[in-house]
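Let's take a walk through this model together, with the sequence and the 3D view side by side. Keep both open as you read, and find each residue as it comes up.

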Amino acid sequence: MKVVLFCGGYGLRMRNGTSDDMPKPMAMVGPRPLIWHVMRYYAYYGHTEFILCLGYGAHHIKDFFLNYEETVSNDFVLRGGRTELLSADIADWTITFAQTGIESPIGERLRRVRDHLDGDEMFLANYADVLTDAPLPEMIDRFAQRDAGASMMVVPPQSSFHCVDLGEDGLVGGITAVSELPLWENGGYFVLRQEVFDHIPENGDLVADGCAQLAKRGRLVAHQHRGFWKPTDTVKERAALDAAYARGDRPWAVWERDGAGAALQGATGSGNGSGARA
């Protein structure tokens, strides 16, 4: 299935006070940016047709893939001055780069790439800065068996704060960690049908408009995930992921679990070999 990734936001909370225009999906985790980790996750499960909804700092994302160096994350042999890759990351990826506006909300970005879906009844969508080890085939299979317009992954609240139960007299009746409350929050990793477009108005939002309307009609299902899930909204969160990568703690890197990832990534070769198109 095609994968739509939203990567056009400003990412202001990711800045270090500098004036650079680097978009959040290009923040580095290990030797590769966040967006690469997200795409590698989908590619491991065989979904290698990507539609990137670009906006702010789009040229950084385009340049990264147009000048992609397979040798950064793959073993290779240097023979007679020529590089012979022993494996490849993006050789079998097809990437559509679509400018969807600087200020567009996510729903509008999705509307603007509808034609690139070629009328496919089902497709995947996600933010380009959230990492997980969720079982994607299971999410897709469960949705395919349901009569629904959309599925969204939900996760327990990530806040480290505590909720306080107050009585009328001001006495505290109890304190509960937010993460222990019977609540779920949007975790991204959407599986969608074309029906979702019927509920997203011009300049609308995917969740507040599209998913909310489907929910009112009993057409939205959730996939509950209690495993690894990490958003990357701040410098601190990116630094934590980078440190985890450095010490080998990479639960989101499902492609590193066994040798199956390499087989799914296509034949070996040299050069970037990607099917990128703008």
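A good place to begin is the surface, where β11 (162-166) and β12 (172-177) each supply at least two residues of a nonpolar patch. Please keep in mind throughout that this is a predicted model. The patch is made of Val 164, Leu 166, Val 172 and Ile 175, which together have about 400 Å² of accessible area. Take Leu 166 as an example: this residue belongs to strand β11. Its relative accessibility is 56%, so Leu 166 counts as exposed, the cut-off being over 50%.

Now turn to strand β1, where the picture is one of cover. β1 spans residues 2-7, and 6 of its 6 residues are buried. In a regular strand, side chains alternate between the two faces of the sheet. In β1, one side carries Lys 2, Val 4 and Phe 6, the other carries Val 3, Leu 5 and Cys 7, and all of these are buried. Which strands does β1 pair with? One partner is β4, in the parallel sense over 6 bridges, and another is β8, also parallel, over 4 bridges. To find the pairings in your viewer, look for Val 3 opposite Phe 50 in β4 and for Val 4 opposite Ala 125 in β8.

Phe 50 leads us on to the aromatic rings. How many aromatic pairs does a search of the whole structure find? The search finds 15 of them. Phe 50 and Trp 93 form one that is tilted, with the values given in the table below. Phe 50 lies in strand β4 (residues 49-54), while Trp 93 lies in the loop between β6 (82-85) and β7 (94-99), so this pair ties together parts that are 43 residues apart in sequence. Both of these residues are buried.

A stacked pair is formed by Phe 123 and Phe 197. This one also links distant parts of the chain: Phe 123 is in strand β8 (residues 122-127) and Phe 197 is in the loop between β14 (190-193) and α5 (206-216), 74 residues apart. Are these two rings buried or exposed? Phe 123 has 0% relative accessibility and therefore counts as buried. Phe 197, at 7%, counts as buried too.

Here are the two pairs side by side.

| Aromatic pair | Geometry | Centre to centre | Angle between planes |
|---|---|---|---|
| Phe 50 and Trp 93 | tilted | 5.2 Å | 55 degrees |
| Phe 123 and Phe 197 | stacked | 6.0 Å | 25 degrees |

Rings also gather in a cluster, in which ring pairs link Tyr 41, Tyr 42, Tyr 44, Tyr 45 and Tyr 189. Elsewhere, rings meet charges. Arg 193 lies over the face of Phe 143, at 4.4 Å from the ring centre. Similarly, Arg 250 places its charged end over the ring of Tyr 245, 3.7 Å from the centre.

Finally, have a look at two backbone details. Asp 118 is not a glycine, yet it has a positive phi of about 55 degrees. This residue is in the loop between α3 (106-112) and β8, and Asp 118 is exposed, with a relative accessible area of 55%. Asn 203, again not a glycine, has a positive phi of about 60 degrees. You will find Asn 203 in the loop between β14 and α5, and at 47% relative accessibility it counts as partly exposed.

Technical notes:
Residues numbered from 1 in each chain as written. Predicted model: local features only at pLDDT ≥ 70, side-chain atom pairs only at ≥ 80, totals over all residues. Heavy atoms only, no water. Phe/Tyr/Trp six-rings, centres within 6.5 Å; stacked < 30°, edge-to-face > 60°. Buried < 20%, exposed > 50% of the residue type's maximum accessible area, 1.4 Å probe, protein only. Lys NZ or Arg CZ within 6 Å of the ring centre and 35° of its normal. Patch = residues over 30% accessible without salt bridge, like charges linked within 9 Å, V, L, I, M, F, W, Y side chains within 5 Å. Areas by Shrake-Rupley, 256 points an atom, 1.4 Å probe, with all protein chains shown as cover. Salt bridge = Lys/Arg side-chain N within 4 Å of Asp/Glu carboxyl O. Pairing = 2+ DSSP bridges.
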